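Please look over the sequence and the model below. The text after it goes through a surface patch and then a pocket.

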Amino acid sequence: RYREALLVEQLTRLGGDGRLLAAARSQSMNVATAQDMGAYILGSLVPYLLVLLIASAASHIAIDTTAGEKERSTLETILVSAATRAELLLGKFLATFATAAVAGAMGLLGLILTLIAPMSAPAFSGEEFTLPAWSVGVLLIMILPVALLMSSILLAFGCFARSAREGQTFATYFVMCVAVLAVMAVVSEVEPRPELLLMP
């Protein structure tokens, strides 16, 4: 408003009419389709939220089944059972992986239900968007490798930790690093080149 007042003042001083400044006005308009808006919303929210949900869910069970059992002295009882060490580790990994995958799937479905609710933010802003069923299916499939990676890293932290407190400290720092990387991935303008897509 201050800039427009200065322009009107200078135009009047030069003998012109201030109404000339209002001869053309620009108006922003969203030309994206409803499907593009749905892809944009999912693309900006889902990676950040899902990675955090999966990492947080996996951290609790991974640390409890490794460092927690060492601290409670229940690991010795399990080690003298008929199961081999590889089977014990696989069982702990599958329990962590299943928990992380279910948490990711429930978080994704909760986010989608929130976005399509009548009282959601896009509904209030007047934005129309649709979520194709195939894209939701792809997102559910993409939860599996993320849960696989998070579960294996956190399980390794739990195996190396000497106590449950130390394991939780490792897991907390790891989740914080994951959160920072997820934010960077959401806000960065980097084009997804093939070599970047191969990175975990």
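Leu109 has a relative accessibility of 40% in this predicted model, so it counts as partly exposed, a class that runs between the 20% limit for buried and the 50% limit for exposed. The residue lies in helix α4. Computed along the sequence is not the only way to place it: Leu109 is 27 residues away from Val136, and the C-alpha atoms of the two are 8.7 Å apart in space.

Met106 is also found in helix α4. Its relative accessible area is 57%, and because exposed means over 50%, Met106 is classed as exposed.

Leu109 and Met106 belong to a nonpolar patch on the surface, together with Val102 and Leu140. The four residues have about 360 Å² of accessible area together. Which element gives the most to this nonpolar patch? It is α4, with three residues.

Helix α4 also takes part in the second largest pocket, where it gives the most to the lining, with four residues. This pocket holds about 220 Å³ of space. The elements that give two or more residues to its lining are α2 (34-72), α3 (75-79) and α4 (85-115). Among the lining residues are Thr65, Thr66 and Lys70, then Leu75, Ile78 and Leu79, and further along Arg85, Leu88, Leu89 and Lys92. Cys159 is part of the lining as well. Sorted by class, the lining of the second largest pocket has six nonpolar, three charged and two polar residues.

Conventions. Residues are numbered from 1 along each chain as its sequence is written. This is a predicted model: local features need pLDDT of at least 70, side-chain atom pairs count only at pLDDT 80 or more; totals for chains, interfaces and linings use all residues. Side-chain values use heavy atoms; hydrogens and water are left out. On a 1 Å grid over the protein atoms alone, a cavity is a set of points where a 1.4 Å probe fits but cannot get out, and a pocket is an open set with protein on both sides within 12 Å along at least five of seven lines; lining residues have an atom within 4 Å of a point. Grid points are joined across faces, edges and corners, and a volume is the space filled by probe spheres set on the points. Ala, Val, Leu, Ile, Met, Phe, Trp, Tyr, Cys and Pro count as nonpolar, Asp, Glu, Lys and Arg as charged, and the others, Gly among them, as polar. Buried means under 20% relative accessible area, exposed over 50%, partly exposed in between (1.4 Å probe, protein chains only). Patches are made of residues with over 30% relative accessible area and no salt bridge: like charges are joined within 9 Å, nonpolar side chains (Val, Leu, Ile, Met, Phe, Trp, Tyr) within 5 Å. Accessible areas come from the Shrake-Rupley method with a 1.4 Å probe; for residues, only the protein chains shown count as cover. A salt bridge is a side-chain nitrogen of Lys or Arg within 4 Å of a carboxyl oxygen of Asp or Glu.
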